[in-house]
Amino acid sequence: MRLLLDEHVDPDVAARLRERGFDVVALTDDAERRGSSDVAVLERAVAERRAVVTYDVRDYRVLAEERVLNEEHHFGVILLTRRRFRHGREHAGKLVDGLAALLLQNPTDEALMDREHWLSRG
Amino acid sequence: MRYMPAKPYSLRLDPSTIRRLSEEAERLRVPARTLAQDLVEEGLRMRRHPGIFFVTRAAGGRYASLARRPRLKVSNVVETVQDSTGLDEAAGSLDLSRIELGQALGYYAEFRDEIDAEIAREEEYVDREERLWRERQGLVTR
């Protein structure tokens, strides 16, 4: 499985996952796409067969459901809660471990196809 | 946005402005006077806080956000600052300049109750939805 980290996820998380050999990109790594709309972010993720990792639960659920209803598919939305994964670099390690565990359990791009997944700690 | 009880206020507007206000209110299915009040309030806030503007998101919510990073709400920045050890760490986590961070915190200083309420509403929603999802998954650990 490949991941696209949303704009409010620390880009250091993507770098640390790449160091572990996973295919992960962060929106903040791409200056041109930082101002993208919610729809454009999800479309990019679909085009690259990536699941989106986001704290923005409300908006991505709507967009993901719309895609499924329109039979357009997506490659998963991984939802983060601040209660489990606090923001800030000091807490990034827990998020890296949680995502690494999920990636190891779900190696194929289609593992979370058209589904949401609330991330647990690794 | 939360308002005090409204007071009458007379205003002359260009006919084309009135027409566009009516069309936009109809599109959004809100009374024109409500939309007008929102737009005046947003306009005043954006003048007072350059770098902040308002974005309607996919689920229909309208949020004070960073003009150069429209998907970053002021509340996202505040949460990150609250969870970080300092402002430099928070700025690094969101890949923001200290100026952009300062713009968001300046807005927060003036509208703190609103942003705190936004954060609380979001946490309540997320907690409830996650619990329901985990119940559906049969993985609940209380």
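**View 1. Strands E1 and E2 of chain A run side by side in this predicted model.** Three bridges join strand E1 (residues 2-5) of chain A to E2(A), and the two run parallel. One pair to look for is Leu3(A), whose bridge partner in E2(A) is Val24(A).

**View 2. The wider sheet of chain A has five strands.** Step back from the first pair and you meet an open sheet with the order E2-E1-E3-E4-E5 (chain A) and parallel pairing. Strand E2 (24-26) and strand E5 (116-118) of chain A are at the edges; each has a single partner strand, so one side of each has no neighbour in the sheet. From one strand to the next, the twist averages 25°. Helix H2(A) lies across E1 and strand E3 (50-54) of chain A, and runs at about 145° to E3(A).

**View 3. Glu71(A) has an unusual backbone angle to check for yourself.** Where does Glu71(A) sit? This residue is found in the loop between H3 and strand E4 (77-79) of chain A. Its phi is near 55°, which is a positive value in a residue other than glycine. Is Glu71(A) buried or exposed? Glu71(A) is exposed, because 7 other C-beta atoms lie within 10 Å and a residue with 12 or fewer counts as exposed.

**View 4. Gly93(A) belongs to helix H4 of chain A.** That helix covers residues 92-105 of chain A. With 13 other C-beta atoms within 10 Å, Gly93(A) is partly exposed. If you pick out Glu19(A) as well, you will find that the two residues are 74 residues apart along the chain, while their C-alpha atoms are separated by 13 Å.

**View 5. Chain A meets chain B.** How many residues are in contact here? On the chain A side there are 24 residues, and they are in contact with 29 residues of chain B. Helix H2 (38-47) and helix H3 (57-69) of chain A are the elements that give two or more residues to the side of chain A that touches chain B. H3(A) gives the most to that side, with five residues. By type, the residues on this side of chain A divide into six nonpolar, seven polar and eleven charged.

**View 6. Strands E1, E2 and E3 of chain B pair in the antiparallel sense.** Strand E1 (residues 52-56) of chain B pairs with strand E2 (residues 62-66) of chain B over five bridges. Here Thr56(B) stands opposite Arg62(B) in E2(B). The hairpin of E1(B) and E2(B) has five residues between the strands, and in this hairpin Gly60(B) takes a positive phi near 100°. On the next step along the chain, E2(B) pairs with strand E3 (residues 69-73) of chain B over two bridges. A hairpin of two residues joins E2(B) to E3(B), and Leu66(B) stands opposite Arg69(B) in E3(B).

**View 7. Helices H3 and H4 of chain B pack together.** Two packed helices are described by the angle between their axes and the distance between the axes. For helix H3 (residues 74-83) of chain B and helix H4 (residues 87-94) of chain B, the angle is about 130° and the axes are 8 Å apart. That angle makes H3(B) oblique to H4(B). The crossing of H3(B) and H4(B) is right-handed. Which residues make the contact? From H3(B) they are Val77(B), Thr80(B) and Val81(B), and from H4(B) they are Leu87(B), Ala90(B), Ser93(B) and Leu94(B). These residues of the contact divide into five nonpolar, two polar and no charged.

**View 8. Two arginines of chain B, Arg12(B) and Arg29(B), are exposed.** Arg12(B) is found in the segment before helix H1 (15-28) of chain B. It has 6 other C-beta atoms within 10 Å and is therefore exposed. Between Arg12(B) and Ser97(B) there are 41 Å in space, C-alpha to C-alpha, and the two are 85 residues apart in sequence. Arg29(B) has its place in the loop between H1 and helix H2 (32-48) of chain B. Although Arg29(B) is not a glycine, its phi is positive, at about 60°. Arg29(B) counts as exposed because it has 6 C-beta neighbours inside 10 Å.

Key: Residues are numbered from 1 along each chain as its sequence is written. Chains are lettered from A and ligands numbered from 1 in the order in which they are written. This is a predicted model: local features need pLDDT of at least 70, side-chain atom pairs count only at pLDDT 80 or more; totals for chains, interfaces and linings use all residues. Axes are lines fitted to C-alpha atoms, for helices over the stretch in contact, and angles run from 0 to 180 degrees between N-to-C directions. Helices (H or I, at least four residues) and strands (E, at least two) are DSSP runs, numbered from the N terminus. Angles under 35 degrees count as roughly parallel, over 145 as roughly antiparallel, 65 to 115 as roughly perpendicular and the rest as oblique. A crossing is left-handed if the near helix is turned anticlockwise from the far one by less than a right angle, and right-handed if clockwise. Two residues are in contact if their C-beta atoms, placed from the backbone, lie within 7 Å. Ala, Val, Leu, Ile, Met, Phe, Trp, Tyr, Cys and Pro count as nonpolar, Asp, Glu, Lys and Arg as charged, and the others, Gly among them, as polar. A residue is buried if 20 or more other C-beta atoms lie within 10 Å of its own, exposed if 12 or fewer, and partly exposed in between; C-beta atoms are placed from the backbone. Two strands pair if DSSP finds at least two bridges between them.
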